[in-house]
Each structure stands twice: as C-alpha cells, then as structure tokens.
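Me: Please take a close look at the aromatic pairs in this structure, and describe with care how the rings are arranged.

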Amino acid sequence: MSSASPPAWPAPPAPKSPSASSGSASTRPPPASAPSSPPAPGPRPSSATPTSSSPRPSRSPSSSSPGTSSATPSSTSSNRALRPSADVIPSPPGPLRVVCYTRSGGTFQPVKVTLERLPESRVQLEIEVDEERLERSLDAAYRRIAKRNRFPGFRPGKAPRAIVERAFGRQGLIREALDDLVPDVYNEAIEAEDVPAIGQPELEIASLEPLRFKAIVPVRPTVELNDYRSIRVEREPVEVTPEMVDQQLEALRKRHATHVPVDRPVQWNDILIADVSASIDGEEVLRDEGAEFQLREGETLFVEGLAEAFLGLEKGKSRTFDLTFPEDFHIERFRGKTAAFTITLREVKEEQLPPLDDEFAQSINADEFPTLHALRERIEADLRRTLEEAAENRFRAAAVDKLVEIATIEYPRILVEHEIDHLIRDAMGNDRQQYLAYLQTIGRTEQEFRETWREAAETRVKRSLVLEKLAEAEGITVSAEEIEQELDSLVAPMGDDAERFRQMFATEEGVATIRRNLLSRKTLERLSALARGELQEEQA
C-alpha cells in the first residue's frame, strides 16, 4: 500500500526577488499580511524593556542648523554632572526651569535647562548654553577648520582665527562647533538631571546666539498596576468528544491514502495536476504550470469560482473563462478587476482511503497500537493534552489582557515601532529584497504594511510592560540554581552532545535568554494563580 500524502496546495510561496519578478503572480496565496490575533503573552525585553543608558545624538551636520532631525545614538556620555537638586522632572506635565552646573575641562559650566513632561512618555528639554562655553567651542571649531583647509600665507593649522572666521563667517564657525557642542551639552543635561532616556532625541536649534536648542526624547514607560490582585478569570472547561477522535482518525487515513490515476471527469476531492494562467486587460498576472493540488468542496482556490471551474474537466482538456476578484482580495492591484483564466488538466488522481481497522492501527505503529481501540485511546489522550494546553494559554492571555485593562500605562511610540520591526522580521525574515518584492506583489507600501502590524505590536508592548511590572511588584526573581536546572533540562535530550550544547547555552547571551524566559514563565504562573484566586490567603 502506498503511503503518499495528499499535497497541501495552495501553499504560500517564498517572496520572489525583484529580478525574478515578471509581473505574474502564483495561484498559491501569499502569507497573511498581518496576524489575525496577537501573539501569546510574554515579555519581549529586546523592545519593551528599555535600557537605562542615555542615547547620544550623532554629530551630524543636520543637528547644527535650525530644523528638526532625529539624531542617531552612538554612545553614552561619560561625563557625570553634579546635580544641584534631587529631581527636576515634575510628576504632572509642565515646565520647570533649573540651572544645571556641569563639569567641563576642570571648571563648572552653567547650562540653563527647562524640562517639560510630554504625553506618551516623552520629555522636552529646552537648553541654553552659556556664552563662555560657546566661545571655547568656537575656538576648538576654528582650530579644526584651520587644519582641514589651506589659507594663503599660512601653514596648515596656523591661520589665525580672524582669517578663518572671515573666510567661513561666524555662523559657519558656530555650525562647526555645534557638531560637538550640542551632543555634549544634551548628554550632560540629561545625565545631570537623571532623565531616563531610552531612544534618540529630536533636536531643533532655536537660535545660534545665544545658543538655544530643544530636545524631545522618549523616556522609560510608567506603569501602575492598580488593584491587580483582584483580577479573576474563568478557565474554560475542556471536552474531548467521539466526533473529535473520528476527525483525527479520518485525517490519519488521508495521510496514508493512495492516489490512483483515473480516466474520468474531475470530481470533488480529486488530486489534480494542472496548468493555470490568468491575464487582466491583456497583461499576464498569473502562471502556474504543473501545479498539484486537491480539489476540496467549500475551499477557495486562489479566487472564488476557480475550483468549481475544474469540475467535469477531462484529462488533456482546457477551459477558458472570466472571474472577477472581490474588493477585499489580498492582492490590492487585483481588487474588483476581471481576469481571463485558462486551465489545462494534465492528470486526475482519485484518493483511496485505507479501511479503518486493527490492520490500519498496526500500520501506524504495531508495537504501540495493536488494535484500533488502542489508537483511539492515544488520539483521545493527545487531544485532551493539546486542548488543555490551548485552554491554559487562552486563560493566561485573558489574565494578561485583564491586567492590561486595569493598569495605567504610558509608553513612548518608539517601543511600538521597534516591536513592529520584530514582528515583520519574524514573519518575513532578514532578506530585504524578498521583503520589498513581497510588498510589490501585494500592492502595498512599506508604511502601509507596517500599519497592518501596529495593533498587534501595541498589544505586545502593553503585555510586556505589565508583566515586567508584575514581576517587580511580586518580587519574582530567577536564581542561579534555577538557571542551572533549566540548562540541565535543555541539554538532557542531547545525549553524547550534551556537554557541547551546554557550553553553547552557557554563554553570557545564552544565560541572559534563559533568565528572561524563566522570569516570563514564573511571572505568568504567578498571574495565573492570582487570576484563579489561589493567593487569597496570602493577600489577606
């Protein structure tokens, strides 16, 4: 008996590179453009757990002139300023003017700073630099310009400042100075006042003399869990019915079915080998030759009506017809348009299922399933375990969503943008050319595609933030012993290679990942216990 499995067609193709794209599409539908539901809850420290370092604006010419630019962080300033006050960021939104004394070159330099808390976890700093500090920066800028340029009558770097300033102008000198001065002053200000910056600032130069500029920077999210210990969630019961077991048995029979060529017109459930092409207004938009697929009643084959067109067709025959794409079709450029289809049938195969008896059970695994009854029992047990796990995951997700619902959360938009990056990279891989080719196939811009992930990204960010806060509120930690135990369980199945794999997992990065996973697991377990009401005595 042949054990050939029926092909799962249509299946998502890998995105084609632009060089290979000819403007035609495959009949196999592409991957979904966005998740139908948010991923399972769990902290993602890489995007929703900000670091405490202060981003340093890049020294780019764009930051030296009026206008807004997003500066790229390159390092954290090592100058730790002296603080005249304990805290200059007010709890309610609103400005507060302070004079920030920073140490530079052995002397104290006053920098006037106004801080204002903005919505979405942002802080605006309005900074004015002392004239003496600006003059020293201008002197350093003059020396850099003198070394880079030639001035008649002077050796490189020896031209006096007056000559250089006459050639470049005072504003040119100031702009040169800003490349170093603005990043230095910005970092001194946020470090002196402990502004918990987590991203790159937006810089805007207000005036050159006196030097005043504005920096808007994202800061650490704020999370209040409120009365989180009152959360209660009902866990849905799990039931495994005989009909569910029968469905799994039928699926097993299909996987062990034989496909026998037949010489008759096409019927439902036949396995077909066919050529399919389509054109819109004379332009070919689809070509798939030798496609093999099963014709299942009630399932759409690329577009509504295509599957039905194969019914009654005989081997070697062709059929031409028109179909109109629906307005919500997944490829935008096809929506509402009528295409001329041509199908040619190469071969018809009939699916023949094995009889459902003890012999079939033994063909699966004679040692484990001597009878059909033994196979049914295993299927029922596996189904129950799978359904219990799914019910527990839904219960935990509901508990996390309840925690998000009662919490007060404020976070910067940059966290959502980073999470969108993660989601797209997880779905599409790291090949940018394939990614761009896929966007061309579905007829969307990169920004439009990113928007389809925004809701899921926001959900993940909120879940991650509340779980991180819950771990902190409940004092949940991960010990070195727990990490060792987790390492043991990870390498246990590796046999003789266990020690090699242990060394791989035991790296600094590997241990950090294990710690995060364990912390996430323990936090979710704690939340589940709270949602079940199991910690009422402890609460009392």
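Reply: What follows describes the aromatic pairs and the residues that form them. This is a predicted model, in which local features need pLDDT of at least 70 and side-chain atom pairs count only at pLDDT 80 or more, while totals for chains, interfaces and linings use all residues. Residues are numbered from 1 along each chain as its sequence is written, and side-chain values use heavy atoms, with hydrogens and water left out.

A search of the whole structure finds twelve aromatic pairs (rings of Phe, Tyr and Trp, the last by its six-membered ring, pair if their centres lie within 6.5 Å; planes under 30 degrees apart count as stacked, over 60 as edge-to-face and the rest as tilted). The ring centres of Phe 325 and Phe 334 are 5.2 Å apart and their planes stand at 35 degrees, so this pair is tilted. Both Phe 325 and Phe 334 are buried (buried means under 20% relative accessible area, exposed over 50%, and partly exposed in between, with a 1.4 Å probe and protein chains only). Phe 325 and Phe 334 also belong to one aromatic cluster, together with Phe 302, Phe 321, Phe 329 and Phe 341.

Tyr 438 and Phe 449 form an edge-to-face pair, with 5.9 Å from centre to centre and 75 degrees between the planes. This pair links distant parts of the chain, eleven residues apart, since Tyr 438 lies in helix 10 (residues 432–442) and Phe 449 in helix 11 (residues 446–451) (helices are DSSP runs of H or I, at least four residues, and strands are runs of E, at least two, numbered from the N terminus). Tyr 438 is buried, with a relative accessible area of 2%, and Phe 449 counts as buried at 0%.
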